[in-house]
Amino acid sequence: MSGESGNGLLRDAVGLREVLFQSVTAMAPAAAIAASIPAGAAFAGGSLPLSVLVALVACLFTASCVAELARHLPAAGSVATYSAQGLHPTVGFLVGWGYVFVEALVPALLLLQLGFTTAGTLHQEWASFPADLWWPWSLLGAVIIALAGFFGVRASARFGTVLGVFEVLVFVVFAVLLIGQAGPDNTLSVFGASHTAEGFEGVSGIFAGSVYTVLAFAGFEAAAPLAEETKDPRRTMRRAVLGAALSIGLVYVLTTYAMSVYVGPDRFAGFGASGAASWEGVARASFGLFWVLLFLAVVNSTVANANACANVSTRTAFALGRTGVFPRAFARLHPRRRSPVTGVAVQFVIAVGAALGLGFAYDPVTAFVLLATVIVTVIIGVYIVVNLACAGYFLRRRREAFHPVLHLLFPVLGIAAFVPALLTAAGIPVFDFVSELSAPVSYAGPVVAIWMVTGIVVLAVLLRRHPERVAGMSKIHLDEEPRAPEPQKAD
């Protein structure tokens, strides 16, 4: 039976379906397929499907680590709790500090994309509509997300489920149509290295393409902060995290394959996020009004992603407020809906302030790229730390459950997969396919550094005045004793 526990979040409010789509929508599959994955085509060319497959395998290493930790440590603090348990409470604090910061910025990022995508498309169809009138759409999206968050996890998670099903279904159907149209041009050679772009022949092109594709998987862990509101969280969280990464990864493989064989593997290096050689461009040219469904799927993806990440930020802020490392107001819940109302309100202010402030200071596209760079840099850093925490937790605290492949080999491989992606996101030109960032996008590094240095200062004050609050980062639930996980059942 659903209900609250003490003063906590609403227990047993959602099940596997809802938390699965919490992670799915946080990955923003439609936006990733249409915008971020095509960036890898400049390197992998028509062999991009192989790059996507490589990225899928690489991301499953980290997804497995998150799933293992979520099974043993079901907590709203998610990655912060994992890091505190597996490494040290101070590391958990810094991970939580960085994670809540970027997850609070993700809705602003998506609201910008919602604004300029909608305004640009309307202007393309009706020239009288101003192409720069993007901000009303961003405000509308912010209101929708805030209302979903206020009405509680059931409303928010079910809203995300509906949006997630729609965007995935549209792109899967379109992929099937493309494969059918390709006819005899269908070929498995795109899963080899023979179609990479000029200058990136062979394995180097596959590797470069996969680095950009790895970024499309960010968000697979977003189910974890809903653990305290989920039925049978120790089993459900594991299924949701792994299920989201695997299922959406396979959708990425399918859609990339479909477009590669339709366009032609040897011409695919010129494929991108806009223009004639793009998903919308192909739909407009060859599939009539089907482009409208693609446009709606991308717009839908921005709202669904923003909604999912608002859930993450408000639950993480709730967990930090509950321990006392954030103001206690963040632990305040609506008396009936059990939604973290302070977090929802602050999230709305941050999303609107960042979207409009940066959008008007620069332009919405530049603001989008700046925020994306800040967010991806921190998120990938968090993934690397969580991989370390997985090894640390099972070696230090759960030796009886330690498995050398799941808890040592996979974390090492997960770190190896994400380090190149971190360097790419930060614009550190260690590899020849990485470009240095130019202003204002280059400001992302200093912004992250300032926030994390501030976190270190706050941590030092807390350690001196309230060390018990930092130690509280390790607790699974503050209103009950940690339980040993149930024996894992074969799925």
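**Notebook: helix H2, cavities, aromatic pairs and two buried polar residues**

I began with helix H2, where I listed Pro29, Ala30, Ala31, Ala32, Ile33 and Ala34 as the buried residues. The model is a predicted one. H2 spans residues 29-36 and is mostly covered, with 6 of its 8 residues buried. I then looked up what lies over these buried residues: the cover includes helices H1 (16-26), H6 (89-125), H8 (153-182), H10 (233-263), H11 (279-286) and H12 (290-323).

**Cavities**

I next searched for enclosed space. The structure holds 3 cavities of 30 Å³ or more. For the largest cavity I noted a volume of about 110 Å³. Its lining comprises 16 residues, and those closest to the centre are Ile145, Ala146, Ala310, Val344 and Gln347. I recorded H6, helix H7 (135-150), H12 and helix H13 (341-361) as the elements that give two or more residues to this lining. H12 provides the largest share of the lining, 5 residues. By character, I entered the lining of the largest cavity as 9 nonpolar residues, 6 polar and 1 charged.

**Aromatic pairs**

I recorded 22 aromatic pairs in the structure. One of them joins phenylalanine 150 and phenylalanine 151 in an edge-to-face arrangement, at 5.5 Å centre to centre and 75° between the planes. I checked the exposure of both residues. Phenylalanine 150 has a relative accessibility of 32%, so I classed this residue as partly exposed. Phenylalanine 151, at 40%, is likewise entered as partly exposed.

I then turned to phenylalanine 217 and tyrosine 252. Their ring centres are 5.3 Å apart and their planes stand at 85°, so I entered the pair as edge-to-face. The pair links distant parts of the chain, 35 residues apart: phenylalanine 217 belongs to the loop between helix H9 (203-214) and H10, and tyrosine 252 to helix H10. I found both phenylalanine 217 and tyrosine 252 buried.

I also noted one aromatic cluster formed by Phe93, Trp97, Phe101, Phe326, Phe330 and Trp451.

**Charges over rings**

I looked up arginine side chains placed over aromatic rings. The charged end of arginine 284 sits over the ring of tryptophan 291, at 3.7 Å from the ring centre. For arginine 399, I noted that the charged end sits over the ring of phenylalanine 402, 6.0 Å from its centre.

**Serine 64**

I located serine 64 in helix H4, which covers residues 48-72. Is serine 64 buried or exposed? Its relative accessible area is 8%, below the 20% limit, so I classed serine 64 as buried. With residues up to four places away in sequence set aside, I listed Leu242, Leu406 and Phe410 as the residues that serine 64 touches.

**Glutamate 221**

I placed glutamate 221 in the loop between H9 and H10, the loop that also holds phenylalanine 217. Glutamate 221 has a relative accessible area of 1%, so I entered this residue as buried. Which residues does glutamate 221 contact, leaving aside its neighbours within four places in sequence? I listed Ser23, Val66, Val79, Tyr99, Glu103, Val241 and Tyr383. As a last entry, I noted the separation between the C-alpha atoms of glutamate 221 and leucine 112: 23 Å, with the two positions 109 residues apart along the chain counted as their spacing.

Definitions and conventions
Residues numbered from 1 in each chain as written. Predicted model: local features only at pLDDT ≥ 70, side-chain atom pairs only at ≥ 80, totals over all residues. Heavy atoms only, no water. Buried < 20%, exposed > 50% of the residue type's maximum accessible area, 1.4 Å probe, protein only. Helix = DSSP H or I, 4+ residues; strand = E, 2+ residues; numbered from the N terminus. Contact = heavy atoms within 4.5 Å. 1 Å grid on protein atoms, 1.4 Å probe; cavity = no way out; pocket = protein on both sides within 12 Å on 5 of 7 lines; lining within 4 Å. Points joined across faces, edges and corners; volume = space filled by probe spheres on them. Nonpolar A, V, L, I, M, F, W, Y, C, P; charged D, E, K, R; others polar. Phe/Tyr/Trp six-rings, centres within 6.5 Å; stacked < 30°, edge-to-face > 60°. Lys NZ or Arg CZ within 6 Å of the ring centre and 35° of its normal.
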